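Student: Could you take me through one part of this structure closely, and then follow its connections into the rest? I would like one connected account rather than a list.

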Amino acid sequence: MKNEKIVEFAIKEGFADAAIIDTADIVFNASFRPYCEENLCGQYGANYSCPPDCGAPEEMKERVQKHKHALVLRTVWNINDYKDSNLIKSAKQKHNAYTMSAIEQMEKEGHMGFMVGASGCALCNPCLITEGKPCKFPNKQYSCMSAYCIDVAKLADRCGLEFGWITGKLFLFGMIAYHEEDAK
């Protein structure tokens, strides 16, 4: 699947926009990690995909940059109140479901990689880390953009995708870091 086809497929999948960027062009900012440590989402230390268990900022950056490309994905949701946690949670779940579907299709086409979600992994609820058990889905587990310390505003700008805090709109971003599988 060529890049244009990947973007077209992503939009058909339900994304408002999509763009492909070289992972070397993604801006990482380790100073974002303290926001995770504030634990406003309640997942710090309670989810394998979240800090501190997901890895240090430099490890997360290296994980992304082991792949040549990233498909950056954006959804836009109508929202009346940014304090509406149920609506935001539902939007993130839908965004991540679209991303999981997209990565499955990309893998069928020989583009191997992993997902970076609009929130931390929710494949198991609660995460098995809370019981001291190993992750059931280590190859499907996904961390959020914040855990990777990705500067989403700069990423959106570099991809030509709208980003911001606009009354009545919630922009969610995620991505798939990938490479083409070698021909056999």
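Tutor: Happy to! Let's start with strand E3, which pairs with strand E4 (residues 143-144) in the parallel sense over two bridges. Strands here are DSSP runs of E with at least two residues, helices are runs of H or I with at least four, and both are numbered from the N terminus; two strands pair if DSSP finds at least two bridges between them. This is a predicted model, in which local features need pLDDT of at least 70 and side-chain atom pairs count only at pLDDT 80 or more, while totals for chains, interfaces and linings use all residues. Residues are numbered from 1 along each chain as its sequence is written, and side-chain values use heavy atoms, leaving out hydrogens and water.

In the E4 pairing, valine 116 stands opposite serine 143. E3 also runs antiparallel to strand E5 (residues 169-180), joined to E5 by six bridges; there, histidine 111 has glutamate 180 as its bridge partner. E3 itself spans residues 111-117, and five of its seven residues are buried, meaning under 20% relative accessible area with a 1.4 Å probe and protein chains only (exposed is over 50%, partly exposed in between).

From E5 we can step across to helix H5 (residues 152-159), where Val152, Leu155, Ala156 and Cys159 are buried. Seen down the helix axis, these buried residues fall within an arc of 95°, so they line one face of H5; the arc is taken from the directions from the axis to the C-beta atoms. They pack against E1 (17-22), E2 (69-78) and E5, with contact meaning heavy atoms within 4.5 Å. Asp157 and Arg158 are exposed on the face turned away from that buried side.

All this leads into the largest nonpolar core, which has 25 residues, with Ile26, Leu155 and Met175 making the most contacts inside it. E1, helix H3 (57-65), E2, E3, H5 and E5 each supply at least two of its residues. Such a core is a set of buried Ala, Val, Leu, Ile, Met, Phe, Trp, Tyr and Cys residues joined through side-chain atoms within 4.5 Å. Not counting residues up to four places away in sequence, isoleucine 26 touches Ile21, Val64, Ala70, Ile150, Leu155 and Met175.

One last detail returns us to E4: the cysteine sulfur closest to that of cysteine 36 belongs to cysteine 144, but at 5.3 Å it is too far for a bond. A disulfide requires two cysteine sulfur atoms within 2.5 Å, and the count comes to zero.
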